[in-house]
Amino acid sequence: MPTDERLYSYCAELMGSPILLKLYSHDEALASRIFQLIKRYEDLFTVNRAQSQVMSINHAAGQHPVTVSRPVYALIKCAKAASMAQDSAFNLAIGPLVKLWRIGFQGHRVPSAAEIAERLPLTHPQDVILDDETCSVFLAQAGMEIDLGAIAKGYIADRVRDALRQQGVSDALINLGGNVHTLGNWSVGLKKPFAPGDALIGSIEVASQSVVTSGVYERYFEQDGKRWHHILDPRSGYPLDNELDSVTIISANSLDGDIWTTLIYGLGVEKGCAALRHHEDIEAIFVTKNRDVILSSQRHFRFSLLDDSYRLTGCTA
């Protein structure tokens with residue numbers, strides 16, 4: 001990381017989050033191009049407005065296939081593959097449940113068991129029918145909705161990294177609200193769950209890696225003395241309930257980070273550590289409700305504990 005130059009920060013509000021770009025040069029034109037790139041992809045993938053390619057698929061559920069652009073098709077195909085993995089907590093067809101709970105939006109509530117049971121049959125990823133020749137997507141049942149919110153930021157972060165490299169940028173950081181991608185050496189903070197402000201558990205030192213954190217503290221509401229968070233278990237229709245407060249994935253590609261944060265949440269610490277033994281390019285930092293910080297390994301990052309109310313350990317699985 002250069003030390004003799006000033007760090008310039010550029011901000012924009014996109015994808016419902018503050019987007020931060022850090023460069024070691026004053027280049028407003030480059031920052032503007034990067035934000036325009038993010039906006040173009042947001043327009044393709046969003047389900048938070050009436051018109052987008054993804055919403056066109058949802059509107060045609062149970063009626064006919066919809067041909068989409070190659071980036072949208074490629075991302076949907078990747079999301080379906082992750083959704084079809086055995087015991088996967090990732091599900092691109094989870095849209096009906098997301099809209100039922102509305103966690104993070106106005107009107108959130110705990111649905112009845114009958115409402116959840118009614119929507120679960122509309123969330124089967126095998127009912128997302130893909131045609132590679134025509135780049136078309138067909139949702140087999142009326143009422144189905146795909147939602148790429150769990151994967152779109154990772155895909156976009158990777159495209160931003162590629163664009164910066166094409167411009168000859170060797171040191172930069174892009175933060176898409178939970179998805180951080182780095183070129184060069186950077187220190188990324190690990191947020192303390194449910195703490196006010198920018199309180200950190202520790203810092204993560206990485207070199208040209210993606211750092212993706214997902215936590216139950218990000219979007220939630222409280223009802224009947226219980227906290228209901230936004231990470232839904234597609235198998236039950238309810239928020240995942242295990243020992244974890246957050247999972248951070250360190251990987252070369254942010255898309256992998258998005259997929260694995262969800263997979264790991266579904267697996268928990270012990271099974272998650274076991275799964276990562278077969279993926280040397282994917283590493284995790286688990287933060288548990290009992291204030292344990294568990295590192296799957298440290299091949300591509302270094303972690304420093306900053307809060308002594310937490311205990312730092314390695315995987316024992």
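The legends below describe several close-up views of a predicted model.

**Figure 1. Overall view of the predicted protein, with seven helices and 17 strands.** The C-alpha atoms of the protein occupy a box of roughly 60 × 45 × 40 Å, taken along the principal axes. For 317 residues, a compact globule would be expected to have a radius of gyration near 20 Å, and the value of 20 Å found for the protein agrees with this. Of the 317 residues, 52% count as buried. Among the contacts in the protein with a separation of 6 or more, 58% are accounted for by residues 24 or more positions apart.

**Figure 2. Close-up of the largest nonpolar core, which has 74 residues.** The residues with the most contacts inside this core are Ile38, Phe45, Leu164 and Phe286. Helix H7, which spans residues 254-276, gives the most to the core, with ten residues. A second core, separate from this one, has 18 residues, and Val188, Ile204, Phe301 and Phe303 are included in it.

**Figure 3. Close-up of the second largest pocket, with a volume of about 260 Å³.** The pocket is lined by Phe194, Val216, Lys226, Arg227, Trp228, His229, Tyr238, Pro239, Leu240, Asp241, Asp245 and Lys289. Strand S12, made up of residues 226-229, supplies the largest share of this lining, namely four residues. When the lining residues of the second largest pocket are divided by character, six are nonpolar, one is polar and five are charged.

**Figure 4. Close-up of Val137 in strand S5, which covers residues 136-139.** Val137 has a relative accessible area of 1%, and because this is under 20%, the residue counts as buried. Leaving aside residues up to four places away in sequence, Val137 touches Ile57, His64, Pro65, Val66, Val68, Tyr73, Ile76, Val128, Ile129 and Leu130. A reader who also locates Cys11 will find that Val137 and Cys11 are 126 residues apart in sequence and 35 Å apart in space, C-alpha to C-alpha.

**Figure 5. Close-up of Arg159 in helix H6, which covers residues 152-166.** Arg159 is partly exposed, with a relative accessible area of 23%. When residues up to four places away in sequence are not counted, Arg159 touches Leu37 and Tyr41. Arg159 and Leu37 are 122 residues apart in sequence, yet their C-alpha atoms are 8.4 Å apart in space.

**Figure 6. Close-up of Asp224 in the loop between strand S11 (220-223) and S12.** Although Asp224 is not a glycine, this residue has a positive phi of about 55°. Asp224 has a relative accessible area of 73%, and because this is over 50%, the residue counts as exposed.

**Figure 7. Close-up of Arg291 in the loop between strand S14 (283-288) and strand S15 (292-295).** Arg291 has a positive phi of about 65°, although Arg291 is not a glycine. With a relative accessible area of 34%, Arg291 is partly exposed, whereas Asp224, the residue of the preceding view, is exposed.

Notes: Residues numbered from 1 in each chain as written. Predicted model: local features only at pLDDT ≥ 70, side-chain atom pairs only at ≥ 80, totals over all residues. Heavy atoms only, no water. Core = buried A, V, L, I, M, F, W, Y, C linked by side-chain atoms within 4.5 Å. Buried < 20%, exposed > 50% of the residue type's maximum accessible area, 1.4 Å probe, protein only. Helix = DSSP H or I, 4+ residues; strand = E, 2+ residues; numbered from the N terminus. 1 Å grid on protein atoms, 1.4 Å probe; cavity = no way out; pocket = protein on both sides within 12 Å on 5 of 7 lines; lining within 4 Å. Points joined across faces, edges and corners; volume = space filled by probe spheres on them. Nonpolar A, V, L, I, M, F, W, Y, C, P; charged D, E, K, R; others polar. Rg over C-alpha atoms; globule rule 2.2 N^0.38 Å. Contact = heavy atoms within 4.5 Å.
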